[in-house]
Amino acid sequence: MLRASFLLQGYQSQQATENLAPLLANTQHAENAYALTAMAYLQQGQMQEALDAAQHAHNSKDDILPHLALSYALQGMGRLAEARKEMHDFNTRHPQSATALAREAELALILGQVPAAKTLAVQAHEVDPAHPYVIAVNGLVYLIDGNAAAAKAAFETALKRDSRDAKALFSLGLAEIKLGNFQAGQESCKQPVKPIPATR
């Protein structure tokens, strides 16, 4: 399972899928194996396969990974309201997961629900202010709210904690462009987006 996670972080989704295949029939590991398989399919652009795998993983009510995977798979299929509901339901049961709160905040932003996104981002920050994904999502809130300088500071902080966070790099680029720093912004925006944050 750990090897598959590292493979996904390195965008080696085909190898990750092959590594996970034997675990899909293992009762102890099947849910997380299906969840990681869903993320691998998302990297490959196979949205329906990703959704099918994520739904297989969805028996667990307490483990965050299957819920994250299903939210990303639903997002990949354009079913954004369902993706947010998935994370909202998880957060109702587990209100102290910084990653889950930040993920719901991100989905709320995509749906244009900015006030809800702000509230969720603040809650995530209160749970774990040092988590790179939480910092990056707060940066997105600042960016959409028109505060590019605060957004830039948040993305730079996130990148100090996880220099490989391509989503923070891309968003930093957007903030730089809004601040008039076009060359720096274009450089940051060239980075690919990582599909899933580290959970906590």
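This is a guided tour of one protein chain, arranged as a series of selections in the viewer.

**Before starting**

The model is predicted: local features need pLDDT of at least 70, side-chain atom pairs count only at pLDDT 80 or more, and totals for chains, interfaces and linings use all residues. Residues are numbered from 1 along each chain as its sequence is written, and side-chain values use heavy atoms, with hydrogens and water left out.

**Stop 1: the whole chain**

Display the protein chain as a cartoon. It contains twelve helices and zero strands; helices (H or I, at least four residues) and strands (E, at least two) are DSSP runs, numbered from the N terminus. The radius of gyration of the protein chain is 17 Å, close to the 16 Å that the globule rule gives for 200 residues, so the chain is as compact as a globular protein of that length. This radius is taken over C-alpha atoms, and the globule rule is 2.2 Å times the number of residues to the power 0.38. Along its principal axes, the C-alpha trace spans about 50 × 35 × 30 Å.

Next, switch to a surface display. The protein chain exposes about 9,600 Å², of which carbon and sulfur atoms supply 53%; accessible areas come from the Shrake-Rupley method with a 1.4 Å probe, and for residues only the protein chains shown count as cover. Of the 200 residues, 47% count as buried. Buried means under 20% relative accessible area, exposed over 50%, and partly exposed in between (1.4 Å probe, protein chains only). Among contacts (heavy atoms within 4.5 Å) between residues at least 6 apart in sequence, 53% join residues at least 24 apart.

Colouring by charge gives another view of the chain. The mean positions of the 17 positive and 19 negative charges are 4 Å apart. Lys and Arg count as positive and Asp and Glu as negative, while His and the chain ends are not counted; the place of a charge is taken as NZ of Lys, CZ of Arg, CG of Asp or CD of Glu.

**Stop 2: the loop after α2**

Select Leu-24, in the loop between α2 (13–20) and α3 (30–43). Leu-24 is partly exposed, with a relative accessible area of 25%. Not counting residues up to four places away in sequence, Leu-24 touches Ala-30, Ala-33, Tyr-34 and Thr-37. Add Ala-53 to the selection: it is 29 residues from Leu-24 in sequence, and their C-alpha atoms are 9.8 Å apart.

**Stop 3: Gly-76 and the salt bridges**

Move to Gly-76, which belongs to helix α5 (residues 64–76). Gly-76 is partly exposed, at a relative accessible area of 33%. Its C-alpha atom is separated by 19 Å from that of Gln-113, 37 residues away along the chain.

Now show the charged side chains. A search of the whole structure finds seven salt bridges, each being a side-chain nitrogen of Lys or Arg within 4 Å of a carboxyl oxygen of Asp or Glu. One of them joins Glu-82 and Arg-79 (2.8 Å, N to O). Glu-82 is partly exposed, with a relative accessible area of 38%, and Arg-79 is also partly exposed, at 30%.

Select Arg-84 and Glu-104 next; the closest N and O atoms of this salt bridge are 3.0 Å apart. Arg-84 lies in helix α6 (residues 80–93) and Glu-104 in helix α7 (residues 98–110), so the pair ties together parts that are 20 residues apart in sequence. Arg-84 is buried, with a relative accessible area of 18%, and Glu-104 is buried at 1%.

**Stop 4: between α7 and α11**

Select Lys-167 and Glu-106, a salt bridge whose closest N and O atoms are 2.7 Å apart. Lys-167 lies in helix α11 (residues 166–178) and Glu-106 in helix α7, so this pair ties together parts that are 61 residues apart in sequence. Both residues are buried. Add Arg-103: salt bridges that share partners join Arg-103, Glu-106 and Lys-167 into one network.

Extend the selection to Val-137, in helix α9 (residues 132–144). Val-137 is buried, with a relative accessible area of 1%. Leaving aside neighbours within four places in sequence, its contacts are Ala-102, Ala-105, Glu-106 and Leu-109. The C-alpha atoms of Val-137 and Lys-167, 30 residues apart along the chain, are separated by 9.6 Å.

**Stop 5: the loop before α12**

Finish at Gly-180, located in the loop between α11 and α12 (182–189). Gly-180 is partly exposed, with a relative accessible area of 37%. A distance drawn from its C-alpha atom to that of Ala-168, twelve residues away along the chain, reads 18 Å.
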